[in-house]
4 protein chains.
Amino acid sequence: MRAGVWLIGACGSVATTTIVGALALRNGLADPVGCVTAHPALREVPLPGFADLVFGGHDVVMSPVAKKAGQLAAAGVLPARLVEALDAEFGQVAAELRPAPAGATQAQTAAGIARDITSFARRHRLDRVVVINVASTEPAPRPHPAHAGLATLEKALETTLASQEQVLPPSSLYAYAAFRAGCSYVDFTPSTGARLPALAELARDRGLPYAGHDGKTGETLLKSVLAPMFVMRNLAVRSWSGANLLGGGDGANLADPGANAAKSASKQRVLNEILGYLPDGGTSIGYVASLGDFKTAWDLVTFSGFLGTPMRVQFTWEGCDSALAAPLVLDLARSTVAAHEAGHAGPLVPLAYFFKDPLGDTDHALHAQWEALCAFLTGP
Amino acid sequence: MRAGVWLIGACGSVATTTIVGALALRNGLADPVGCVTAHPALREVPLPGFADLVFGGHDVVMSPVAKKAGQLAAAGVLPARLVEALDAEFGQVAAELRPAPAGATQAQTAAGIARDITSFARRHRLDRVVVINVASTEPAPRPHPAHAGLATLEKALETTLASQEQVLPPSSLYAYAAFRAGCSYVDFTPSTGARLPALAELARDRGLPYAGHDGKTGETLLKSVLAPMFVMRNLAVRSWSGANLLGGGDGANLADPGANAAKSASKQRVLNEILGYLPDGGTSIGYVASLGDFKTAWDLVTFSGFLGTPMRVQFTWEGCDSALAAPLVLDLARSTVAAHEAGHAGPLVPLAYFFKDPLGDTDHALHAQWEALCAFLTGP
Amino acid sequence: MRAGVWLIGACGSVATTTIVGALALRNGLADPVGCVTAHPALREVPLPGFADLVFGGHDVVMSPVAKKAGQLAAAGVLPARLVEALDAEFGQVAAELRPAPAGATQAQTAAGIARDITSFARRHRLDRVVVINVASTEPAPRPHPAHAGLATLEKALETTLASQEQVLPPSSLYAYAAFRAGCSYVDFTPSTGARLPALAELARDRGLPYAGHDGKTGETLLKSVLAPMFVMRNLAVRSWSGANLLGGGDGANLADPGANAAKSASKQRVLNEILGYLPDGGTSIGYVASLGDFKTAWDLVTFSGFLGTPMRVQFTWEGCDSALAAPLVLDLARSTVAAHEAGHAGPLVPLAYFFKDPLGDTDHALHAQWEALCAFLTGP
Amino acid sequence: MRAGVWLIGACGSVATTTIVGALALRNGLADPVGCVTAHPALREVPLPGFADLVFGGHDVVMSPVAKKAGQLAAAGVLPARLVEALDAEFGQVAAELRPAPAGATQAQTAAGIARDITSFARRHRLDRVVVINVASTEPAPRPHPAHAGLATLEKALETTLASQEQVLPPSSLYAYAAFRAGCSYVDFTPSTGARLPALAELARDRGLPYAGHDGKTGETLLKSVLAPMFVMRNLAVRSWSGANLLGGGDGANLADPGANAAKSASKQRVLNEILGYLPDGGTSIGYVASLGDFKTAWDLVTFSGFLGTPMRVQFTWEGCDSALAAPLVLDLARSTVAAHEAGHAGPLVPLAYFFKDPLGDTDHALHAQWEALCAFLTGP
């Protein structure tokens, strides 16, 4: 089963790593390390093959895949040999990357987006296309009355001009356009995406599934295994503080206080959900340009043992953000297309495993999420 | 239901913290933080109450509970206020601590041990007594043909004099005596304990349960949640190295190469079991007298992400060994007595949750062990 | 030679630890660990003895020394035995602690401060009194034209009412009052203190020495030995990022963005001064109430080696702020009184060793500061 | 002034990085980052230029420079671009690398070594050649009576056959041969090298300088700045423990208990020398093949502050061994040749700055060593 993957932010680091990785897998140049759908427990599940994914996408600033891949190789994110070996393949993908459409109204912009996606699907004879947002994090948008229902939303999109304050933030406009084009939608970022009542209504009406939010790739991944340990051992966490240092586009973007606050909140929410209480401490995000994609996080956890004895655990996570995100993007593409195929619509709650801030009311412990994912994919 | 807890190594740090903690719980001076049998999921299980545990034990070197408790308070292991508040209670416990018996043969020694335990049970009218080994780690014993079967073992115990090389190491002799006295047995140390065919035969004959080995209180606890994370994310661990620094009696003891090797091996085994392969690296154990009970472990894990990108996570665990072990000793006492009561005999495989090197062929991932424990205790 | 030490913030953790420590030294209950003036290289210098320091001070909120000392013992900052042993001595010190005076104008307030200090000196027949600010960090004050010269300042202090915006921040008003009372002044905080042209003029006129700013007790202390290492090895530091977690009064105070910014800036300034360039990265300060006085700082330094190979060093500092500050307060008291005695006036630049943000144009490398301190104290 | 650098272990990682680096500097493709003789304070010193160093050497296993450089590029030690750019230059260096000579007696072997070096010097018209040992660490040799004096030594070298236990370990035989050939000698390893009375006698007779031992490139470098901090602050270090993980040839070699013990001892010696006492704790060395040249060291330091408050600092050092060593090898070549030129003979004590285990009775604090180095090189 061939399937389309339409990336928002298609010229960024995560998208490029995803594309290069998929090409490497298709050409037998790499193993699917880091792809959870390649785990032995899921190998028998009839998902679209890695080799059967066809890529396209939008970006606000265009740059050739080959150039971006070269930069990522120089930065140590991608192996230089691999980028060289795949050089001949990049042209075909590059031909499917489009500048982000811009109309006089958001309705027109959405129509332009949907047109590009539909044309991509037709050109490649794809039954299913999943739209995945891997663009930079947006600041949290201001509430707008048109978010509450589909009819009001569609009217507002038609009447609000480009010069006025926009009704939908970009991530939500892409979700809207995806649903209009009959596609499923995944938000790998903390942005709003499909998380508005009007968009939920649209997805339900069209029978389309969606998933999100905010790929769980580092510090929060560790939290989702360490916090359950304290619960299972009945230990009392007194404080949990994290310092995140990152460069790259997302780093600069998260230095923006609005985006930073959104991300920090979702990071601490995980603790509250797992522990049942919110310990002291918070999460700071610092921009360190020279770290590039190599995010470094330090967490200090202080806890009380038996009879109150103070103890502590600290960890440092040194991971490459794009290399952690890309295989999960492939997993989400495969899983969402399969869910669409199987007739699932609305929020895909069992995909919580992939996200820091998952849709639905779910357990945040990684092992519980893993079991839910396996049950969902292997089916009844 | 009142139950007896007979501690081997009864004057040591773990035993004293266990006793002080149980007294604190009985007197309402502390909460059962760190006791997993006090977890909401297990609160309804009909286990012997913390307040219903009666303590006694053997040690090779005797020292008053009050004195040892005072030393632990000075070292920051126990709160000084608590030790002062419980001062009046220590005398009663101290009266039940006995010097380790020594006979002319190991058979006679075992008889002396069993006699002390039986007399303790009668004096306190205890239906069930569990013998728990919290003594220092022994060097691995040399294999002996008498380990293979009960009949041969009993003959060898009777004929081998104290001046000759001993048939059983102390931990196993205590297990033998416990079974002879109709008691269940738990080994919280890496020593041999009940892990000999001859002793398994005896436990089966007598319908007695036993559990072990080596309480999972620190670095290995973290391994049992972090290693499954790498598995669930399909990431390839390249190396996992650990440095353990500890003082106290166990530290000095583990500096002995024999004991050290036993402990290191059980620590790396967990990785192999969970990951399905053994990564590079090993575990070192260093004795640092001034750290006392405050064990510090540092682990470095290097792993390959998607397309081979090298990443790493490191953690430092700063825990108080006795304060981590003591609540688990109480949990094991409650769980083993309940299992005995419920008619379980032989190795208690579902108690793997508590151990670095559990009996039986079990999953080493903490969450799987937790689920097995809950299922066992809440029962059908 | 007996000398007076008048503490601003006299009921806080640093002041109490300083007082308890001095009493412990006087009574032979402790060694001067952490006191640099007790270093063998400085032992022969004729400074006022630890036993010859007499304490008094002001605070905005009064609390008995004994009570605060008890709290510090419960928190693990002071040994409980020591606080008990010194109980009889606290009354005498408590009698010399005064609520912060408040007049209708800042001139009147200053007169009240000076009166309290003079009366203290007379009561104890002290030739020299040093006023040391160990109060919480103030937000940076707004510039005021009266800061430029003494005559203008004195006029402004007399005419500005308590209901109006104040001319001097508290730390500077105390410095003014100290100089008026013929005392030397030390600022152990990042607050303004004597760092105003008008106050420099006053100190010069009266022949009085002063020192500051911001005691170097933790992360910056490490920076001042690690940064010179990179310089001496000609390695290129690419980024230096720090996360500081602290509770206690100062933690809550530094969570205030104004104070935080002042402290962060002085922390990064040290790097620029030592390295000759400012690497990427910054310093974050997070308030974690439950950490109390036990500050934890994590620093990540990335650097380029030969031919650009990327390398990194990270450290975690777990120190008790008051226990690190108190011995330095004693050192500063002894050193400043001796400098006053020896006829030094104006900024005591060779005391840079003690400070994150020292007065004068000095080397920030610890070893250079140490040599300057030794040369100053041992004299020609 | 052109000068020869004859490397023992000439095909290893350190030697290859040294050679590639020197070629990069000569061709203006890199800056001398990490070279301390390029520090502004030393820039005016008339040392042989980086571009004026001519390389040759011996190794027991030969491999082409280009191949080894390619491997180091693949491992991230050298930039791939640089290795490609210098490809044309490698042939010339390769032509000067020789298999280690082997004669029927050690006297004959030494003669072979000396012949190779002399022929190299003549071929390139080099007035001065320095022999630098960068081979793998040897096990400590057994004492031999012939080590005590030159006459006895020379006799023993002549009469001991290759089939018998050797009189000198390889590092010392190279030192002997170097001196016989009129060359200075530097030992960058912990091996014995010139540290024998007989060899000191020979160097003195011939007026030749020598330096060593064991390049200070990582954990010990940090110790030499952190330990003085504790001294200058009069803090009491209670324990200092280190765990070193390394792969590469030296890692495998140091896993040998003999070599390991030698290295660990020299690492702890530094603490004793600086602190004036030996704290608790030790240094472990673990071989982790997949780390390659990227050594990772973790140190935990526990110390007592004022009134005994326990505190701790821990650090992790992640450095590339060859990239740290190579610039120091260039520095040592330049400095030793200049010292030879200036008429210095015997142990070059002021080069202690470069070594973990320096010759002579010197201060181990890095800043003191730096001042001694600068004074020596800038001269009177």
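This report walks through a sheet shared by two chains, the contact between those chains, a helix pair and one buried leucine in a predicted model.

## The shared sheet

Let's start with the sheet. Eight strands make up an open sheet with mixed pairing, and their order is E8(A)-E7(A)-E9(A)-E10(A)-E10(B)-E9(B)-E7(B)-E8(B). Strand E8 (283-287) of chain A and strand E8 (283-287) of chain B stand at the edges with a single partner strand each, so one side of each has no neighbour in the sheet. From one strand to the next, the twist averages 10 degrees.

Where the chains meet in this sheet, E10(A) and strand E10 (residues 310-320) of chain B run antiparallel and are joined by seven bridges. Here Thr316(A) stands opposite Gln314(B). Within chain B, strand E7 (residues 236-246) runs parallel to E8(B), with five bridges between them. Leu246(B) has Tyr287(B) of E8(B) as its bridge partner.

## A helix across the strands

In chain A, helix H12 (residues 321-341) lies across strand E7 (236-246), strand E9 (294-304) and strand E10 (310-320). The angle between H12 and E10(A) is about 80 degrees.

## Where the chains touch

The contact between the chains takes 46 residues from chain A and 46 residues from chain B. On the chain A side, helix H1 (13-26), helix H9 (219-232), E10, H12 and helix H13 (366-378) each supply at least two residues. E10(A) gives the largest share of that side, ten residues. By class, the chain A side has 31 nonpolar, twelve polar and three charged residues.

## Two crossing helices in chain B

Helix H1 (residues 13-26) and helix H2 (residues 65-74) of chain B have axes that come within 10 Å and cross at roughly 100 degrees. That angle makes H1(B) roughly perpendicular to H2(B). H1(B) contributes Ser13(B), Thr16(B), Thr17(B), Ile19(B) and Val20(B) to the contact, while H2(B) contributes Val65(B), Lys68(B), Ala69(B) and Leu72(B). By class, these are five nonpolar, three polar and one charged residues.

## A buried leucine in a loop

Is Leu47(B) buried or exposed? This residue sits in the loop between H1 and strand E2 (53-59) of chain B. Leu47(B) is buried, because 23 other C-beta atoms lie within 10 Å and the cut-off for buried is 20 or more.

Leaving aside residues up to four places away in sequence, Leu47(B) touches Thr37(B), Arg334(B), Ser335(B) and Ala338(B). Leu47(B) and Leu348(B) are 301 residues apart in sequence, and their C-alpha atoms are 16 Å apart in space.

Key: Residues numbered from 1 in each chain as written. Chains lettered and ligands numbered in written order. Predicted model: local features only at pLDDT ≥ 70, side-chain atom pairs only at ≥ 80, totals over all residues. Pairing = 2+ DSSP bridges. Helix = DSSP H or I, 4+ residues; strand = E, 2+ residues; numbered from the N terminus. Axes fitted to C-alpha atoms, helices over the stretch in contact; angles between N-to-C directions. Contact = placed C-beta atoms within 7 Å. Parallel < 35°, antiparallel > 145°, perpendicular 65-115°, else oblique. Nonpolar A, V, L, I, M, F, W, Y, C, P; charged D, E, K, R; others polar. Buried ≥ 20, exposed ≤ 12 C-beta atoms within 10 Å, placed from the backbone.
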